[in-house]
Each structure stands twice: as C-alpha cells, then as structure tokens.
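Subject: Structure handover and findings

Hello,

Here is the structure we talked about, with my notes below it. Please open it alongside this email and follow along.

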Amino acid sequence: MTDYRNAPELQASLLGKTTEYKDSYDASLLYPIARKLNRDDLGIDEQALPFQGEDLWTGYELSWLNGKGKPQVAVAEFVFPCQSPSIIESKSFKLYLNSFNQTRFESMDKVREILEADLSKAVQTPVKVTLYGPDDTSQFAATALPGFCIDELDIEIDTFDLDPALLQLATNSEPVEQTLYSHLLKSNCLITSQPDWASVVIRYKGPQLCHESLLRYLVSFRSHNEFHEQCVERIFSDIMALAKPQELEVYARYTRRGGLDINPYRSTHQQHIPFSLRINRQ
C-alpha cells in the first residue's frame with residue numbers, strides 16, 4: 001500500500017502547519033488535492049470510475065457582514081461530485097470560509113454564488129452550495145441509520161491495522177439484499193494523524209457478506225492514515241473485489257473537525273445521496 005504522506009502535493013498543503021487566519025475574503029486560500037493520488041493505489045481508472053457519487057460537506061461556522069456591517073451566520077452544505085479531479089484540503093477550506101468573516105456582502109444569495117463559483121473553479125467541476133439560517137433546525141435533526149447494526153456482534157478483535165483479507169463472504173453466500181451499518185469506523189488524517197470518527201452505511205445486492213468479518217475489517221481502519229473520501233473508496237473497492245455485488249452503496253457520516261464534516265457517498269448506480277441521514281455525533 002503506497003504511503004502518499006510525503007508526496008510534494010501534500011507536503012505543500014497547510015495541514016499541520018501554523019497559519020495566519022485571514023478575515024477578509026480570499027479565494028486564493030483554497031488548496032485542491034488530486035483525487036488521483038489515492039485512486040492509483042486502488043487501481044481505479046480516473047477515465048472509467050467504477051462508482052458514482054458525491055461528497056457532502058457541512059460547514060457550521062460560516063459568517064459574513066451585511067451591507068450595514070451587521071454579522072450574519074449560516075450553516076452551509078457543499079456537494080462535490082466524485083468525478084471532480086480534485087478535493088479541497090480541509091484546513092484550506094476552513095481558512096477560506098473564515099476569510100468571509102469581516103467582508104460585506106449584499107445578501108445570502110450573493111455569498112452562495114461566490115462560494116459556488118470559487119469551489120467549482122478549484123475542483124474543476126460544478127459544486128452545489130445550499131445555505132441554511134440558524135433557525136432551519138429541521139434540516140439538522142439526528143436520524144437513525146437504516147438497516148442492521150453490526151456493532152453488537154460478540155466477536156474478538158486482535159488487529160487494528162488495515163487488512164482487506166479480513167473481509168469474507170458468508171458460508172452460505174446466496175444472493176441477498178442487505179443494508180448494514182456500523183458506528184465504529186475510525187481512521188486518521190493522512191497528514192496530521194488526527195483521529196477521524198464516522199458511522200458507515202453499506203447497502204448491497206449480491207453474495208452475502210460475513211457480518212463478523214465486515215466488522216473486523218471496518219475496525220482495522222483504526223490505525224490507518226487516509227482522507228475520508230479515500231477510506232470510503234477503499235471500502236467500496238474492497239467489497240467489490242471480494243463479492244462483485246450487482247449493486248453497492250457505501251456512505252460514511254464523519255464527525256466534524258474545524259467546523260466541517262465530510263460525508264462521502266459511492267454507489268454502483270446512483271450519483272446523488274439517497275439517504276437523508278444525520279448521526280447524533282454530528
């Protein structure tokens with residue numbers, strides 16, 4: 001497995017470095033990172049992706065000034081298609097959003113338009129931005145995850161290093177249609193090694209996965225260093241390689257760091273996230 005932490009593109013990013021926080025609008029703070037870095041390691045052809053999907057980011061700390069200098073606040077949702085050549089490095093995203101703090105904008109719509117234009121330019125693909133006022137609480141209520149939770153399986157775990165070989169088919173691997181989920185996914189930031197915590201939903205149609213092996217496999221990410229999007233694409237790729245299901249969806253809901261949460265979704269057959277989910281840890 002290739003270690004990309006010393007790649008020049010990642011070493012040039014702002015992660016793990018002391019940085020000046022600007023509070024005046026500055027689009028140049030955005031730092032794109034090529035998705036190709038990790039996809040090469042997984043044997044994924046950028047010109048023929050084996051999945052569709054998107055990354056849903058939530059920004060909780062967006063603020064700006066109106067025309068009279070009065071502060072405005074909002075919660076933002078950003079949707080990045082997984083076909084985009086790049087992702088935005090998360091610290092640069094936070095610094096970019098902070099740069100709105102002391103800048104005047106005529107309206108919330110104007111802020112949204114600027115966000116969409118800057119992010120779309122950075123990742124070279126149209127990005128959708130939705131802004132919610134602080135009283136739009138219904139959009140952010142916690143929900144139960146669909147399907148069967150595998151976390152209560154009474155199993156012994158003795159490895160916490162990523163191992164795709166842990167993933168096995170059930171003894172009776174007759175075709176099934178199942179939705180499984182776990183709250184025990186934990187990985188680490190590729191650059192800083194800070195912990196990233198998530199719940200993951202796996203929906204598939206095909207040979208049955210061994211639930212115990214799936215839980216051991218997910219827990220084996222616990223010491224693994226990789227970005228959120230890369231972890232989800234790895235889970236998708238490993239399940240596809242083993243079971244070759246007719247349909248597969250993998251959706252992770254990560255907790256926030258720096259005022260942002262990242263929720264990648266990958267599917268064999270759907271571009272847009274079909275789940276309206278929110279874990280209570282978010």
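Start at the end of helix H6. Just after H6 comes Lys244, with a positive phi of about 45°. Keep in mind that this is a predicted model.

**Two positive phi values**

Most residues other than glycine have a negative phi. Lys244 is not glycine, yet its phi is near 45°. Lys244 sits in the loop between H6 and strand S9 (247-254). Lys244 counts as exposed because its relative accessible area is 62%.

Gln124 is another case. Its phi is near 60°, again positive in a residue other than glycine. Gln124 comes just after helix H4. Its loop runs between H4 (108-123) and strand S5 (128-132). Gln124 has 58% relative accessibility, so Gln124 counts as exposed.

**The two helices before those residues**

H6 covers residues 228-243, which is 16 residues. From first C-alpha to last, H6 reaches 23 Å, close to the expected 22 Å. H6 is mostly covered, with 13 of its 16 residues buried.

H4 also has 16 residues. At 1.5 Å a residue, H4 should span 22 Å, and the 23 Å between its end C-alpha atoms agrees with that. Its buried residues include Val111, Ile114, Leu115 and Asp118. Leu119, Ser120, Ala122 and Val123 in H4 are buried too. What covers the buried residues of H4? Strands S1 (32-34), S2, S3 (71-81), S4 (86-88) and S5 are among the covering elements, as is helix H3 (90-98).

**Salt bridges**

How many salt bridges does a search of the whole structure find? The search gives 13. Three of them follow.

*Asp40 and Lys36.* These side chains meet in a salt bridge at 2.8 Å, N to O. Both residues are in helix H2 (residues 36-41). They are 4 residues apart, so about one helical turn separates them. In general, an α-helix has 3.6 residues a turn, so residues three or four places apart point the same way. Asp40 is partly exposed, at 42% relative accessible area. Lys36 is partly exposed as well, at 43%.

*Asp55 and Arg266.* The closest N and O atoms of this salt bridge are 2.9 Å apart. Asp55 lies in strand S2 (residues 52-65) and Arg266 in strand S10 (residues 260-267), so the bridge ties together parts that are 211 residues apart in sequence. Both Asp55 and Arg266 are buried.

*Glu247 and Lys205.* Here the closest N and O atoms are 3.8 Å apart, and the pair forms a salt bridge. Glu247 is in strand S9 and Lys205 in strand S8 (residues 195-207), so this pair ties together parts 42 residues apart in sequence. Glu247 is partly exposed, with a relative accessible area of 28%. Lys205 is partly exposed too, at 26% relative accessibility.

There is also a network. Salt bridges with shared partners join Arg35, Arg39, Glu46, Asp55, Glu233 and Arg266.

**A buried lysine without a salt bridge**

Look at Lys186, in strand S7 (residues 175-188). Lys186 is buried but has no salt bridge. Which side chain of opposite charge is nearest to Lys186? That is Asp196, 8.7 Å away. A salt bridge needs the nitrogen and the carboxyl oxygen within 4 Å, so this pair does not qualify.

What does the side chain of Lys186 make a polar contact with? Its partner is the side chain of Asn188, at 2.9 Å. Leaving out residues up to four places away in sequence, Lys186 touches Pro195, Asp196, Trp197, Phe221 and Arg222.

**Cysteines**

How many disulfides does a search of the whole structure find? The search finds 0. Take Cys189. The closest cysteine sulfur belongs to Cys231 and is 10 Å from the sulfur of Cys189, so the two are too far apart for a bond. A disulfide would need the sulfurs within 2.5 Å. Cys210 is in no disulfide either, and its nearest cysteine sulfur, in Cys149, is 16 Å away. Is Cys189 buried or exposed? Cys189 counts as buried because its relative accessibility is 4%.

Best wishes

Terms used
Residues numbered from 1 in each chain as written. Predicted model: local features only at pLDDT ≥ 70, side-chain atom pairs only at ≥ 80, totals over all residues. Heavy atoms only, no water. Buried < 20%, exposed > 50% of the residue type's maximum accessible area, 1.4 Å probe, protein only. Expected span 1.5 Å × (residues − 1). Lys, Arg positive; Asp, Glu negative; His and termini not counted. Polar contact = N/O pair within 3.5 Å; in protein donor to acceptor, adjacent residues only side chain to side chain. Contact = heavy atoms within 4.5 Å.
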